[in-house]
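Trainee: I should like to learn how to read the features of a protein model. May we work through one together?

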Amino acid sequence: MYTDQQFLDAQNLLAQLVACPSLSREEHGTAAIIQDFLAARNIAFHTLGNNVWATNKQFDASKPSILLNSHHDTVKPNASWTHEPFAATYLDGKMIGLGVNDAGASLVSLISTFCSFYEQTLPFNVVLAATAEEEISGTGGIESVLKSAEFPEISWAIVGEPTDCQLAIAEKGLMVIDAEVKGVAGHAARNEGVNAIYLALEDINKIKAFEFPEVSPVLGPVKCTVTVINAGKQHNVVPDLCHYTIDCRVNECYSLEQVLEILRGLVQAELTPRSIRLQSSKIPDGHPVLEAAAALGITTYGSPTLSDQALMHFPSVKIGPGHSGRSHTADEFIYLEELKQGIQTYQNILSQLI
């Protein structure tokens with residue numbers, strides 16, 4: 001099924017996307033490019049904000065629907081770039097540009113795959129969604145699409161992210177918690193008051209030492225890390241307030257709510273989660289996509305990094321060309337051979353399911 005023309009079309013589309021700035025919540029330009037790509041192939045599409053989605057030509061609501069999803073927003077380029085971030089630069093078999101690895105190569109590979117299956121009569125539907133706001137976990141991205149009355153019911157999803165074309169069968173959830181510890185202000189010279197920093201240090205040491213008993217065979221343990229601390233305004237005043245932030249990466253053995261309650265029983269600070277939307281995920285054992293991956297010799301693993309899987313309330317896997325360690329780095333790149341591998345991998349997975 002794979003052709004060199006599909007690769008060239010995907011490469012050209014990726015270069016166009018790179019050349020159009022698409023920071024989170026500013027993706028209207030890349031949304032238009034994707035719309036034009038589909039329209040040129042006579043593929044009907046829907047839009048919602050900066051999201052673009054389409055269904056296969058032979059869509060049948062009585063059949064299960066497989067979602068092909070990736071995002072077209074990017075982070076801001078950092079100051080260390082030596083190449084133009086908003087232009088496709090070709091060098092040593094690579095395309096360099098902002099978003100080519102995370103997750104442009106995955107997105108154009110999924111679009112190419114969708115187009116190749118678009119007119120086929122299949123035992124399932126294929127639904128494509130190129131979505132916004134992934135980098136900020138925004139409510140105007142995949143979450144809004146899934147809430148739309150026009151969007152079809154999804155049975156399971158393939159989420160495109162750079163995984164070296166290995167299959168992430170589980171993904172840790174994320175909860176960021178703001179903690180406030182209250183002490184009593186006093187004069188530092190007379191050792192008065194109750195130092196909120198010392199109380200916070202007691203909390204932090206407890207968090208550091210605590211081990212959640214349920215360990216996932218795929219994702220490992222829950223990991224809670226204190227990443228920010230702030231207290232005090234004057235050198236001679238014992239601070240009465242200390243604030244710190246906890247980054248929680250949660251395996252599928254716990255809900256975010258359960259982790260929050262366990263931490264509240266552990267520390268003296270008042271804990272306020274910023275969000276409890278970004279839950280962990282794991283594809284059920286025996287799922288057809290696992291059988292397809294096994295037949296194709298694709299390696300499976302558990303992912304510690306977050307994606308739009310966290311907002312999906314149906315089974316999903318994460319797979320795509322490129323390496324996760326390149327994401328958000330200066331001079332981000334994708335090997336052109338990896339782009340070709342991405343198209344072939346997605347096509348092979350769906351072909352294996354027919």
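The dialogue below takes up strands, cores, cysteines and one loop residue in turn.

Mentor: Please keep in mind throughout that this is a predicted model.

Trainee: Let us begin with the strands. Which strands pair with E13, and in which sense?

Mentor: In general, the side chains of a regular strand alternate between the two faces of the sheet. Here, strand E13 covers residues 241-250. Strand E9 (residues 173-182) pairs with E13 in the antiparallel sense over ten bridges. Strand E11 (residues 223-231) also runs antiparallel to E13, and eight bridges join the two.

Trainee: Which residues of E13 are the bridge partners of Glu180 and Ile229?

Mentor: Glu180 has His243 as its bridge partner in E13, while Ile229 has Tyr244.

Trainee: How many residues of E13 are buried?

Mentor: Seven of the ten residues are buried, so the strand is described as mostly covered, a residue counting as buried under 20% relative accessible area.

Trainee: Next, the nonpolar cores. Which residues touch the most other members of the largest core?

Mentor: A nonpolar core is a set of buried residues of certain kinds, joined through side-chain atoms. The largest one here has 51 residues, and Leu14, Leu68 and Ile158 touch the most other members. Helix H3 (residues 100-117) gives the most to this core, namely eight residues. There is also a second, separate core of 25 residues, including Ala200, Ile207, Cys224 and Val267.

Trainee: What does Leu68 contact, leaving aside neighbours within four places in sequence?

Mentor: Among the contacts of Leu68 are Leu110, Thr113, Phe114, Val126, Leu128, Ile158 and Leu350.

Trainee: How many disulfides does the structure hold?

Mentor: A disulfide is a covalent bond between the sulfur atoms of two cysteines. This structure holds zero disulfides.

Trainee: Why does Cys248 form no such bond with Cys224?

Mentor: The sulfur of Cys248 is 3.4 Å from that of Cys224, its closest cysteine sulfur, and this is too far for a bond because the two atoms would have to lie within 2.5 Å. Cys248 is buried, at 0% relative accessibility. For Cys165, the closest cysteine sulfur is in Cys115, 18 Å away, which is also too far for a bond. Cys165 is likewise buried, at 8% relative accessibility.

Trainee: Finally, is Ser137 buried or exposed?

Mentor: Ser137 is in the loop between strand E6 (125-131) and helix H4 (142-147). Its relative accessible area is 19%, and Ser137 therefore counts as buried, the cut-off being under 20%. Not counting residues up to four places away in sequence, Ser137 touches Arg277, Leu278 and Leu306.

Conventions
Residues numbered from 1 in each chain as written. Predicted model: local features only at pLDDT ≥ 70, side-chain atom pairs only at ≥ 80, totals over all residues. Heavy atoms only, no water. Helix = DSSP H or I, 4+ residues; strand = E, 2+ residues; numbered from the N terminus. Buried < 20%, exposed > 50% of the residue type's maximum accessible area, 1.4 Å probe, protein only. Contact = heavy atoms within 4.5 Å. Pairing = 2+ DSSP bridges. Core = buried A, V, L, I, M, F, W, Y, C linked by side-chain atoms within 4.5 Å.
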